[in-house]
Amino acid sequence: DGVITPLANIDREAGGKYEFVVVATDKGSPALSCNTTVTVNVRDLNDNPPIFSKETYTDSIAEGVGGHLGVPPQATDADATSPFRDISYSIQLGSDSSAFTIDS
């Protein structure tokens, strides 16, 4: 048949491209053959969540002073391609989450 099937789940982050040679051999005598190179490009899926570099971020700010906190939260995403690895930030919950804003 010549149908090519992966033997296990393929993960884009483990390898984005696979190349191998396929040989076709007839059943004659003598047997004759030819070969071709097969290239498989693995498309990325959004299969990894963003992960913050720290579990908790703590900072302080002086009363009545503007500016920004010195410890911005940082997250990364293991997905290999955009937009799956692109991260945006938002403030969802807190004691007074309306007192702050965050760049997305």
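Ile 91 counts as partly exposed because its relative accessibility is 37%, a value between the limits of 20% for buried and 50% for exposed. The model described here is predicted. Ile 91 sits in the segment after S4. Its C-alpha atom is separated by 15 Å from that of Thr 58, and the two residues are 33 apart along the chain.

## A nonpolar patch

Which residues form a nonpolar patch on the surface with Ile 91? The partners are Ile 61, Leu 69 and Phe 100, and together the four residues have about 350 Å² of accessible area. Leu 69 is found in the loop between strand S3 (51–52) and strand S4 (75–76). Leu 69 counts as partly exposed because its relative accessibility is 36%.

## Aromatic rings

A pair of aromatic rings is described by the distance of the centres and the angle of the planes. The whole structure holds two aromatic pairs. They are listed in the table.

| Pair | Centre to centre | Angle between planes | Type |
|---|---|---|---|
| Phe 52 and Tyr 57 | 6.2 Å | 70° | edge-to-face |
| Phe 52 and Tyr 89 | 6.3 Å | 45° | tilted |

Why is the pair of Phe 52 and Tyr 57 called edge-to-face? The angle between its planes is 70°, and planes over 60 degrees apart count as edge-to-face. The pair of Phe 52 and Tyr 89 has 45° between its planes and is tilted. This pair links distant parts of the chain, since Phe 52 belongs to strand S3 and Tyr 89 to the segment after S4, 37 residues apart. Phe 52, Tyr 57 and Tyr 89 form one aromatic cluster.

Two of the cluster's residues can also be described by their accessibility. Phe 52 has a relative accessibility of 46% and therefore counts as partly exposed. Tyr 57 is partly exposed too, because its relative accessible area is 23%.

## Charged residues

How many salt bridges does the count come to? The count comes to one salt bridge. Glu 19 forms a salt bridge with Lys 17, and the closest N and O atoms of the two are 3.5 Å apart. Glu 19 has a relative accessibility of 51%, so it counts as exposed. Lys 17 also counts as exposed, because its relative accessibility is 51%.

Asp 44 lies in the loop between strand S2 (33–41) and S3. Asp 44 is buried and has no salt bridge. Which side chain of opposite charge is nearest to Asp 44? That side chain belongs to Arg 12, at 5.5 Å. A salt bridge needs the charged atoms to be within 4 Å. The side chain of Asp 44 does have backbone atoms beside it. One of its polar atoms lies 2.9 Å from the backbone nitrogen of Ala 80. The backbone nitrogen of Thr 81 likewise lies 2.9 Å from a polar atom of the Asp 44 side chain.

Asp 79 is located in the segment after S4. Is Asp 79 buried or exposed? Asp 79 is buried, and it has no salt bridge. Here again Arg 12 is the nearest side chain of opposite charge, 9.1 Å away. The side chain of Asp 79 instead makes a polar contact of 3.0 Å with the side chain of Asn 48.

Asp 86 also lies in the segment after S4. Asp 86 is partly exposed because its relative accessible area is 46%. Its side chain and that of Ser 82 are joined by a polar contact of 2.5 Å. Along the chain, Asp 86 and Thr 58 are 28 residues apart, and their C-alpha atoms are separated by 24 Å.

## Cis peptide bonds

Most residues other than glycine have a negative phi, and most peptide bonds are trans. Two peptide bonds that lead into a proline need a separate note. The bond from Ser 29 to Pro 30 is cis, with omega near 5°. Pro 30 is placed in the loop between strand S1 (17–25) and S2. The bond from Ser 82 to Pro 83 is cis as well, with omega near 10°. Pro 83 lies in the segment after S4. Ser 82, at the start of this bond, is the residue whose side chain makes the polar contact with Asp 86.

Terms used
Residues are numbered from 1 along each chain as its sequence is written. This is a predicted model: local features need pLDDT of at least 70, side-chain atom pairs count only at pLDDT 80 or more; totals for chains, interfaces and linings use all residues. Side-chain values use heavy atoms; hydrogens and water are left out. Patches are made of residues with over 30% relative accessible area and no salt bridge: like charges are joined within 9 Å, nonpolar side chains (Val, Leu, Ile, Met, Phe, Trp, Tyr) within 5 Å. Accessible areas come from the Shrake-Rupley method with a 1.4 Å probe; for residues, only the protein chains shown count as cover. Helices (H or I, at least four residues) and strands (E, at least two) are DSSP runs, numbered from the N terminus. Buried means under 20% relative accessible area, exposed over 50%, partly exposed in between (1.4 Å probe, protein chains only). Rings of Phe, Tyr and Trp (its six-membered ring) pair if their centres lie within 6.5 Å; planes under 30 degrees apart count as stacked, over 60 as edge-to-face and the rest as tilted. Lys and Arg count as positive and Asp and Glu as negative; His and the chain ends are not counted. A polar contact is a pair of N or O atoms within 3.5 Å; within protein, one must be able to donate a hydrogen and the other to accept it, and residues adjacent in sequence count only if both atoms are side-chain atoms.
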